[in-house]
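Trainee: Could you take a close look at one part of this protein with me? I'd like to follow a single piece and then see how the rest fits around it.

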Amino acid sequence: MPDSYRGVGVGVGIVVAPLVKMGRPPELPSAHPVEDRPAEAELAKQALATVSADLLARSLEASDPTAATILDALSMIASDPALGDQVDELVAARTDAPHALHRAFESYREMLTEAGGYLAERAQDLADIRDRVIAVVLGLPMPGIPDPGHPFVLAADDLSPADTAGIDTGSVLALVTEGGGPTSHTAILARSLGLPGVAACPGVMSVADGTVVAVDAGAGVVEVAIDHDRQVELQRRAQLVEAELETAAGPGRTADGHPIALLHNIGAASDLDGAVDEHFEGVGLFRTEFLFLDRTDAPSFDEQRSAYAAVLRAAGGRKVVVRTLDAGADKPLPFANPEPEPNPALGVRGVRIARQTPEILTVQLAALAAAVSDVERAEAWVMAPMVATPDDAAWFVQHARSAGLGTAGVMIEVPAAAIRAREIVAEVDFVSVGTNDLCQYTFAADRMAGALSTLLDPWQPALLELIARCGDAGRALGKPVGICGEAAADPALAAVFAGMGITSLSMTARAVPLVRRALAASTLTECEHVAKLVLGAATADAARALALQPPPRDGR
Ligand code: PEP
Ligand code: MG
């Protein structure tokens, strides 16, 4: 077994703790006709009871009331007599327990989907309960987030947004995954949970459960064979990172005082808990679709109005850039993406949905405008995702203005939009560069693909050149150009972006202090110099190395 595994670092910090793997969904063995039908039926019934009791116990322990309600509902599904009866019938017809359970859950899922509303939303959770029950029948470890009873590093093949949402940050200290790229939504959610992690880390699932590992998010390394001295050394470094995060303060500025606002990326009002202090400069990306990921029906006007008002209130009068629903590809929303697409990342997503079905956007903009009027001090900017042409931009701005929203902009995350940045900036009040998608589409490299992480490196000169075009357009037309993709959280890139004319950087709260410190190390002229240097680099590694070399002593 190697001593360390390399991947792509997510977030900041170092954690030393035992690794525990996420249980894989069980595979159904081949079917066999049952001899002892009563015993087989009992086996299935016991498994349903075990899982129901486990879910109920977790619901009683859950500190979050929403999680408690969901777990309670799931426990009730597992103990529903109708489900048990159907399993009995199937076993009576000589179907073995795993297959009987599988089929019974399948017809239960169809029933819930047909019922619609809240029940249909829970239909997605049935696969999780089914896998748990079948694992119990087969005597396999329970799939899903493990609960070893002590703090641990969670290792997984990959994590779905639903898995990540169920993580208890009191016991999960860090995340490591074999799959998932640096800009996958898993990584984004992990960052917003404030957990350090390493994604795209091949081999890490072969580490035995319980092995003490060190996860260094900054270095993108998971170390395994760590002796006592190394543990002490790592813990000391972990404390230094924490101390640094606590002491950095003040608004984002270069060494000579040029302001670059350092904003937060959020998915809900709760992401601002504890984040709004005197140094808080606002929200640069509020991903509204994160509120509705498990929904089958469109959120109502009232529901959206109160969710947006909660965020505006939590931001305490600071700017909040609200992004309209970015449904599609790795964030499908069933109510917005009803038709399966052969190639969803290149399909009808983001503003393209709005242009085909304006109803969803119209309700969202109206709900946001109402939320603004509900909150005493509200500074809401609104922007659309996946804009490809100046015409898309003009269309969106016109809709936002008709809804009564004063500051309207768009994301630049499609290469065509970056190439025509000037024409796009001319149509809007501001733009924000989404480097995650811009990288994916520039390099034709799926952002979820761990194997392509070298192409998804934000230091790739082709990506930097497109960002520079956006900065130039903003400077020429005197309009703000922010960055809200994951690249904004890289401290070493902060000076590069400042030198390209970028006016704000938006990231997870945990990254703000490190970016603030990095930005304050160079004057604007030095930033401009380093921006020119990296644009001349041939490779991502060369660009990074050029940016990290000390600045020339005479200024240039
Ligand atoms: C991006 O693409 O960089 C971005 C910020 O949007 P998302 O990651 O939500 O697609
Ligand atoms: Mg995007």
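In which helix is the place of Ala 473?

Mentor: Happy to walk through it with you. Keep in mind that this is a predicted model. Ala 473 has its place in helix 17, so let's start with that residue and work outwards. With a relative accessible area of 1%, Ala 473 is buried, since the cut-off for that word is under 20%. If we skip residues up to four places away in sequence, Ala 473 touches Ala 421, Arg 422 and Val 425. Another partner to look at is Gly 501: 28 residues separate it from Ala 473 in sequence, while the two C-alpha atoms are 8.9 Å apart in space.

Now step along the helix to Pro 461, which also has its place in helix 17. Pro 461 is buried too, with a relative accessible area of 11%. Its touching partners, not counting residues up to four places away in sequence, are Ala 537, Ala 538, Thr 539 and Ala 540. For a sense of scale, put a distance between the C-alpha atoms of Pro 461 and Leu 477: they are 16 residues apart along the chain and separated by 24 Å.

A third residue to pick out here is Ile 467. Leaving aside neighbours within four places in sequence, Ile 467 is in contact with Val 433, Thr 435, Leu 438, Ile 483, Phe 497, Met 500 and Ile 502. Several of these names come back when we turn to the nonpolar interior. The largest nonpolar core has 93 residues, and those with the most contacts inside it are Phe 396, Ile 467, Phe 497, Met 500 and Leu 505. Helix 17, which covers residues 461-477, gives the most to this core, with 7 residues. Apart from that core lies another, of 26 residues, with Ala 47, Leu 48, Leu 112 and Val 133 among them. As background, nonpolar side chains in soluble globular proteins tend to be buried together.

Let's zoom out to the whole chain. The protein has 21 helices and 16 strands. Its radius of gyration is 25 Å, close to the 24 Å that the globule rule gives for 556 residues, so the protein is as compact as a globular protein of that length. Along the principal axes, the C-alpha trace spans about 85 × 60 × 40 Å. Of the 556 residues, 51% are buried. Take the contacts between residues at least 6 apart in sequence: 69% of them join residues at least 24 apart. The accessible surface comes to about 23,300 Å², and carbon and sulfur atoms account for 55% of it. As for charge, the mean positions of the 43 positive and 73 negative charges are 7 Å apart.

To finish, here are some loop residues to set beside the helix. Arg 94 lies in the loop between helix 3 (81-92) and helix 4 (97-115). Phi of Arg 94 is near 75 degrees, a positive value in a residue other than glycine. Arg 94 is partly exposed, with a relative accessible area of 34%. Ala 200 is another residue with a positive phi, about 50 degrees, although it is not a glycine. You'll find Ala 200 in the loop between strand 6 (197-199) and strand 7 (212-216), and it is buried, with a relative accessible area of 8%.

Two aspartates are also worth a look. Asp 80 lies in the loop between helix 2 (65-78) and helix 3, where it is partly exposed at a relative accessible area of 22%. Asp 80 and Ser 52 are 28 residues apart in sequence, and their C-alpha atoms are 9.4 Å apart in space. Asp 330, in the loop between strand 11 (319-323) and helix 11 (351-356), is buried, with a relative accessible area of 18%. From Asp 330 to Pro 344 there are 14 residues in sequence and 8.1 Å in space, C-alpha to C-alpha.

Definitions and conventions. Residues numbered from 1 in each chain as written. Chains lettered and ligands numbered in written order. Predicted model: local features only at pLDDT ≥ 70, side-chain atom pairs only at ≥ 80, totals over all residues. Heavy atoms only, no water. Helix = DSSP H or I, 4+ residues; strand = E, 2+ residues; numbered from the N terminus. Rg over C-alpha atoms; globule rule 2.2 N^0.38 Å. Buried < 20%, exposed > 50% of the residue type's maximum accessible area, 1.4 Å probe, protein only. Contact = heavy atoms within 4.5 Å. Areas by Shrake-Rupley, 256 points an atom, 1.4 Å probe, with all protein chains shown as cover. Lys, Arg positive; Asp, Glu negative; His and termini not counted. Charge placed at Lys NZ, Arg CZ, Asp CG, Glu CD. Core = buried A, V, L, I, M, F, W, Y, C linked by side-chain atoms within 4.5 Å.
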